[in-house]
Every structure is written in structure tokens, then in C-alpha cells.
Protein chains: 2
Amino acid sequence: MAQKRQIHFSAYLVGTGIHVASWRLPSAQRNASIDLEFYKKMAQTAERGKFDIAFIADSLAVNEDSHPNILNRFEPTTLLAALAGATSKIGLVATASTTYHEPYNLARLFASVDHISNGRAGWNMVTTGDATGETGRNFSRQSHVEHDERYKQAEEFIDVVQGLWDSWEDDAFVQDKESGVYFDPQKLHRLHYKGQYYSVQGPLNIGRSRQGQPVIVQAGASEPGQRLAARTAEVVFSHVKDFEKAKAFYKSLKGKLADFGRTPDQLHILQGISPIVADSKEEAEAINRQLHDLLLPEQGLRFLSGYLGKVDFSKYTLDTPAAEVEFPPDNGIQSHFERMTELIQKENPTLRELYALLEGGVNRELVGTPEQIADVLEKWFTEGAADGFMFVAPILPQGLEDFVDKVVPILQERGLYRLDYEGDTLRDHLGLRKPVNRFAANSQVLTNVEA
Amino acid sequence: MAQKRQIHFSAYLVGTGIHVASWRLPSAQRNASIDLEFYKKMAQTAERGKFDIAFIADSLAVNEDSHPNILNRFEPTTLLAALAGATSKIGLVATASTTYHEPYNLARLFASVDHISNGRAGWNMVTTGDATGETGRNFSRQSHVEHDERYKQAEEFIDVVQGLWDSWEDDAFVQDKESGVYFDPQKLHRLHYKGQYYSVQGPLNIGRSRQGQPVIVQAGASEPGQRLAARTAEVVFSHVKDFEKAKAFYKSLKGKLADFGRTPDQLHILQGISPIVADSKEEAEAINRQLHDLLLPEQGLRFLSGYLGKVDFSKYTLDTPAAEVEFPPDNGIQSHFERMTELIQKENPTLRELYALLEGGVNRELVGTPEQIADVLEKWFTEGAADGFMFVAPILPQGLEDFVDKVVPILQERGLYRLDYEGDTLRDHLGLRKPVNRFAANSQVLTNVEA
């Protein structure tokens, strides 16, 4: 990649926004979470902002304490297929779990979206934390798979999926009408995978897309998560809020790539940001205060307990110091739990303050003017804390529109961000090569030449 | 339903058509099976013809002997989501297996397509025959589930899926910005299903669509298949070629509905037809001959063995009488096997003749002029053999275009077929009521009133 390094952006699309009270704003659209036109417009806005990715998160269980925007939502792969027709350049990435899908089915879903979008699909593979056991109970399982076990299973899962995606070489379908030969049997490959968790024969009933295979995205911050990312991921979403820690994570993860014969530019680290941008710092602060005032503290806490394990908050008042709360043994999302523990030690918040601090949906240091936001992003990008950002807007669609209209032009002027797309596939946007088919006769040679 | 009874049509969309040699025609489009624009145009043609349904079949394993049009194909639910944006009225139905999916995932996929299409989705539930064991080997299974066991499991599966679809009452999401109440907890319902095969708690993370729930479609002709259809199906695809047998099947299946408290108009029986229509009988015959001449007999036989179990055809010549062939014990598609056995007894074909007779992709009695085709359909419809037809075109898109342009107007003139859609949802087209939510306080009363 001789090209100048540029910031990459992903837009996290979720109803009225990630702030748990965003739906209460006067401007918030009712039913946003299940309105296809609403999602189409957001994807188009992100595409207008030349984002690499429109991103759809997912979960496999909801309850009374879930974020309002995830109670009534589209299934992500079908949503991506629908968004493909409303966009032409932006990458389309969704979350799907390795613990609750069959690899053959999942390989098909994402390969199909990759064809439907003409080479713009990506899969955010997650192993699915399930602190409350609720997900397992939606899938006829008595208990949830343990954290490290999930990652071992995930390694097999991804090997099966990527192997299935190479079932057919790119020129397998000769379709010779004269002779009646539809495909070259030498270019059809069965996987014959036999592992501890999966045995999958293949072939898959869909060929490779214009970009070869969907892009692999991950978010795991734990040690097994980082190992899996270094081995397989092409984009990593991280949620480290502290600049020095983000630098350390960036260096650590990029440093692990060589163990798997990979170079640092083969994996992009995008840090999650939830800014509030306005023409003045005061205006941005006012929006943040409005959101904060709309938040019912009890709701914030109940929402937290969905992430962090079932906490019996009824034993406490809102003024109880969070340090006195008994949290259950962690089988949830490890990075969330660690961040909370640290915040409690450092800032000693009350329960009333905890949600806003931890998961309020807004980065306090990113409430400001377009220039202030751009300065922070430039620093993180140029000083080795991020290759780009997962933009998790507190308020949608407003936050995304403001960011695209006000922050993006500044980054473009500074030469940090593309003026337009230079290719058509997600791999093009990310500067990733089309992967060589592992079964092709000359794949080994090609790999050596290109490495 | 005081309305006049009208024919219902479903268009089976599969690449260049169901005839195994259709891709070899000079007019056949390369890569049709994986070209989204090709599928969009076909769905639009069927919509122009006021069809009830655009239908996508599926399978979960392919091999060297598979139909060319299913080797490289879209995953059906993502394809439906993409087709939803290219159409506005036609119902969108796809096949998915109860044996190889988790009910929670499948319930989401079809509910999501139902929202994306604004109430036009249907699910063709199949239990997946697997004569060769290949499907199981794509899903980490040692052996395939037996026929009757599959149907028991399917009964539980459909109960779970339909139960999950009712997780939220239609007015559950009150979204009261003032009070901060997003939903009415009285209108959120957990399923708490506990069966022999599945234990699923719920709720689903998506609400009901404009038509309430996706339409349930089935195709099973076996005794357990008919029982399941009588209990649950709203559309049944049948493939009986003989008029008297089709009448008997129609009467038998409709007669079973009362056992489940249902009325005959709550289930539509569509008979599969594969006509070749042309301006003259001679022209239609010529097209049929052209297809027949393009068929390599060995390919036809290999294709058969994919359906009927792995037969070692190398032991025979093309001139061997089919009656001498040893077929393996049947765990495939029962109706296909029975039809073959019967044909062999009745017509004593050679192996060369067997494929064309059995699965040639053309109904011999439906090769003719638009009037001749219309006459046959009218007879089947008015004399109690069908409520409509699954149009499985030998050649696509040509066969569908010809049918829409030439046969449909005749049926409209005869008052047998709608001049235009009268509603917007698939249930509207089929004259099916929006199902009452089973958990709603007044659902029992309503059910009694309407029954």
C-alpha cells in the first residue's frame, strides 16, 4: 500500500441512537428501530460521508431492561440485503454469533449479502457473552458456553466458514453450452473439515464474490479475543476510552500479527466514539445535558445489569456508592466489566452517576465543536491509537448528519480522509487485497509472491 | 370470504429455469442463478402478472450431479429482502429447513423479511430429505434424522416459531416520551416453550408485521406431511401430475382441516405446473424437443440420483430398462420416489427415457397454445383439483414472460383471475385474515367469534 494512510469510519446504525434516552427527544422518530426507510437514509448519509462501513450490531435475547432500540429490530443480514439496494459504495457489516449459528448457514448468509451488494459485505464475528443465561434459553441450551471455550469454538467456526467460502474457484463455472459442461470439477473443492466442534464436508452452494470473501470484523478485547483477531480479523472494533491505553492496545494487537504471518496493514483498528458535535461547545453541552435529563436513573441501571450480569439493584438506593454493589461472577462482556471496575475505583460514583459515566452513550471529551472533535480524532489517528473510528452516535440520525456535514470536511481538508471512494468493494475501501482461493493450484505461489 | 373464488399463482424462480438443460439454450443468460438483476426482473414480471407469490426454493447441499441452477445461488431470505425493494405487491416466499436451523434464528429471518417487505413474507417449511446423507455432513451430524422423526420435530419447531412471532402485541410499543415508558410490559409475552426437541424462552426481538405473521407454506405429501399441513399450513405446494389423483389429494387434505378447527378456505392448494406455451402447438413442441435434445442422458440420470439416493448407474447402460435398476432404501423425497416407481411400472422406460419422463421439467400435457394451457388450468381449478398453481417454468425468464403475457389475460377474461391486486400484503392476496395474537387478552374471544 503505497497510498497515504487515511482514517476509516464505520457508522453504527441503531434506531434513534445509542443513548438509552435518545428515543425521548422531541425530534426522535417513533418506530425508528424497525423503519426500513429510516435505515436506508442513515446508510445513505454515511455513504455521503464516504464512510467505509454501515454497521448493524446484534443480540440474541432481550428483556425488560434492554436498550429500547434493540427490542423491535431487523435481523441484520436481511437488513444488509435491503440496504444494499439503497446504496452503491459503502461496506455493509453485521454482527453474527459463532455460538448460536451453524457455520454452513452463516457462511451462506454473508456470502449471499456479498453477492447482493456486489462485494461490500463484512461479518462481525462475536462469540456472544451471556451473563444472564437468557440467550442460551432461547436456543434450547441449559447453560452458556464458557468464555475461553467459546473462543476455541470460534476458531474452528471461522476456519469452516472461510474454507466454505472458497468452495468454488473464481473461474469454476465455465458454462460451456456447446459441450454441456457447466463447471470444471477440478475447481470445485470440498472442505472435509473435522475438528473438535465441527465436521463440515462442503461444498458451499454459492461461489466467491467480486471481493473474494466478506471482510472479517471482530471486537474481542480479551486475550483469546486478541489472539483470534490477530489470526483472522481484518477490522477490529475497540472501545478503549483512554488515549494511552488505546495506544497500548493498538501496539499490542498489531504486534501479534507477525505471529500469524500477517502485516500491520492487514488489520484496521477502529476505536468506538460517541461524540456530540455542535457549532459551539455550549450548544453541544446543552444537548448532552438534555439527554442526561431525559435518562431515568433506574432505567440506566437496569440497562447496565443486562450487560454486566443480573444485579439486584433493589437492595440499593440511587445514592449508594457503586463500590458497595455486589456484581455477579462475570460471564458477560469482559471489556465492559473491566472498564466499570476501573471507573468505580477511579471516580467513586454513586449508582445514580454510574450509568452516565459508563454507558451513557456519550464520550465526555468528545462534546464540542467540529474542530475540537477533529483534533481529538487526528491525535488518535496520527499518534498510533487508531486506524479509524466506529462512530456510535448518541442521537440518530441527527448525530450522523452533523458529523458528516461538519467534522468530515475538516478531516478531508487536513488530508486525513478520502474525498471520494476509490473503489467499489469493502476491501477496496480498506486497502485489503482480494484473498487468493486457498484451493487454487497456484495459491501457494501467489501467496509467497505477494507476502 | 364472500368474494368470488379466484386462481392463485406462485412463480418458482430458479436461474435459467427448472429444465436441467435450460442453461444450454442460446438465449440462456450466463450466471443467471447468481445475478440479482435477473431475479429482480423475474419478480417484477410475476408482479406484472398479478401473481400472489415469488418463490425461492432451497437446499443445503450440492454435489457434482446437482441441478446447475442451484450450484451457485443466493441464500433465500437475503434474496427475498433484496427483492422486496424491487417490488411492492407480490408475496415473497422462501424455503427453509426445520431440521438444520434454530427456531429463534429462523423466526427472526422471516419476521425481518416480513417487515422489510411491509407484510409480504411467507415461509415454506421443509424438513429436508437427505437420501445421500450429504446435508447432515454439512452440519456436523453423523446421520440424517428419519422421516417421521423429522415431522415430529417440525411440529415443535413451527409451534416455537409462531409463538415467538407473537412475543409483542401489536400495540405493545407505546413509546410515551413524556413518562419514559417505551413499551407496555403487559403486552410483552415470553413463550416458555418446553418440548421434546426444543426449549425456547423468548421473547423474540422483533414485533409483528402489517400482516401479523408470515404466511406458512408447506409441500409434504406423505401422511405426516399432510397432517402437519392440515394443522398449520396456509398454502400447500403439491406436485401431483394426474388429474384424478390431484382431486383425491385436494379432497383428502381439505377434509383434514376440520380436525384442527379450520375451514377449507384457510388453506390453498397450489399444484406444480411446468408448461411450455407458444402461439401454436407445433412451436411449443419444437421448444420442448430443443430442450430434450440439449439434455445429456447421463446428466439427467446423475441428477435423478441426487434426488432418489445414490444409484450406481455405472452398472447399467442407457438402454437398460429402469425396472432393472436397484434403487437404495428411500430416505429422500417420498413423493418423488413414489412417482418414479409408478412411472416405471406403467411405462416401462429405459434409463435414457427415465429422466425426461420423471423430471424433465416439462408437463407433457401442458405443451401447447395459451388457450390449451388455460383450458387445463381452468379444469383443474373449477373441478376441485387445485386452488391455483405453482408455476415452475422450464425456461426462465422466457417461460414466465410468455405465461404472463399470453395465458394470464385469458384467465382474466374468463373471470378466473384477478385483474389487479386488491390489497398490499400476502395475506390480502390469499384472502387470509391477519392472525390474532395468541397472547392478547381478547384473543380467545375473537377466535371463537371468527371461527
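These are some friendly notes on a predicted model, to read with the structure open beside you.

1. **The whole chain.** Start with chain A, which contains 15 helices and 12 strands. Computed along its principal axes by computation, the C-alpha trace spans about 80 × 55 × 40 Å. The radius of gyration of chain A is 22 Å, and this agrees with the value near 22 Å that a compact globule of 451 residues would have.

2. **Inside and outside.** Of the 451 residues in chain A, 62% are buried. The accessible surface of the chain comes to about 17,200 Å², and carbon and sulfur atoms account for 49% of that surface. Take the contacts in chain A between residues at least 6 apart in sequence: 77% of them join residues at least 24 apart.

3. **The barrel.** How are the 8 strands of the barrel in chain A ordered? Going round, the order is β1-β2-β3-β4-β7-β8-β9-β12, and the pairing is parallel. From one strand to the next, the twist averages 25°.

4. **One pair of strands, and a helix on the sheet.** To see the pairing in detail, look at β3 (residues 91–97) and β4 (residues 121–126) of chain A, which run parallel and are joined by 6 bridges. Here Val93(A) stands opposite Gly122(A) in β4(A). Helix α5 (residues 147–165) of chain A packs on the sheet, where it touches β3, β4 and β7 (215–218) of chain A. The direction of this helix makes about 160° with that of β4(A).

5. **A residue to click on.** Ile158(A) has its place in helix α5 of chain A. Is Ile158(A) buried or exposed? Its relative accessible area is 0%, so Ile158(A) counts as buried, the cut-off being under 20%. Setting aside neighbours within four places in sequence, Ile158(A) is in contact with Trp123(A), Met125(A), Ile216(A), Leu228(A), Arg231(A) and Thr232(A). For a sense of distance, try Thr320(A): Ile158(A) and Thr320(A) are 162 residues apart in sequence, and their C-alpha atoms are 44 Å apart in space.

6. **An enclosed helix.** Why is helix α2 (residues 76–84) of chain A described as largely enclosed by the rest of the structure? The reason is that 9 of its 9 residues are buried. Among them are Pro76(A), Leu80(A) and Ala84(A). The cover over the buried residues of α2(A) includes α1 (36–48), β2 (53–56), β3 and α3 (103–116) of chain A. Chain B takes part as well, with its own α2 (76–84) and α3 (103–116) included in that cover.

7. **Where the chains meet.** The size of an interface is often given as the accessible area lost when the parts come together. Chain A and chain B bury about 6,200 Å² between them, with 51% of it on carbon and sulfur atoms. In chain A, the residues that lose the most area to chain B are Trp23(A), Lys177(A) and Tyr182(A), together 12% of what that side buries. As for contacts, 76 residues of chain A meet 76 residues of chain B.

8. **A covered strand in chain B.** Finally, turn to strand β9 (residues 268–273) of chain B, where 6 of the 6 residues are buried. His268(B), Leu270(B) and Gly272(B) point one way from β9(B), while Ile269(B), Gln271(B) and Ile273(B) point the other way. Strand β8 (residues 235–238) of chain B pairs with β9(B) in the parallel sense over 4 bridges. Across this pairing, Ser238(B) stands opposite Gln271(B) in β9(B).

Notes
Residues are numbered from 1 along each chain as its sequence is written. Chains are lettered from A and ligands numbered from 1 in the order in which they are written. This is a predicted model: local features need pLDDT of at least 70, side-chain atom pairs count only at pLDDT 80 or more; totals for chains, interfaces and linings use all residues. Side-chain values use heavy atoms; hydrogens and water are left out. Two strands pair if DSSP finds at least two bridges between them. Helices (H or I, at least four residues) and strands (E, at least two) are DSSP runs, numbered from the N terminus. Axes are lines fitted to C-alpha atoms, for helices over the stretch in contact, and angles run from 0 to 180 degrees between N-to-C directions. Contact means heavy atoms within 4.5 Å. The radius of gyration is taken over C-alpha atoms; the globule rule is 2.2 Å times the number of residues to the power 0.38. Buried means under 20% relative accessible area, exposed over 50%, partly exposed in between (1.4 Å probe, protein chains only). Accessible areas come from the Shrake-Rupley method with a 1.4 Å probe; for residues, only the protein chains shown count as cover. Buried area is the accessible area (1.4 Å probe) that two parts lose on being put together, summed over both.
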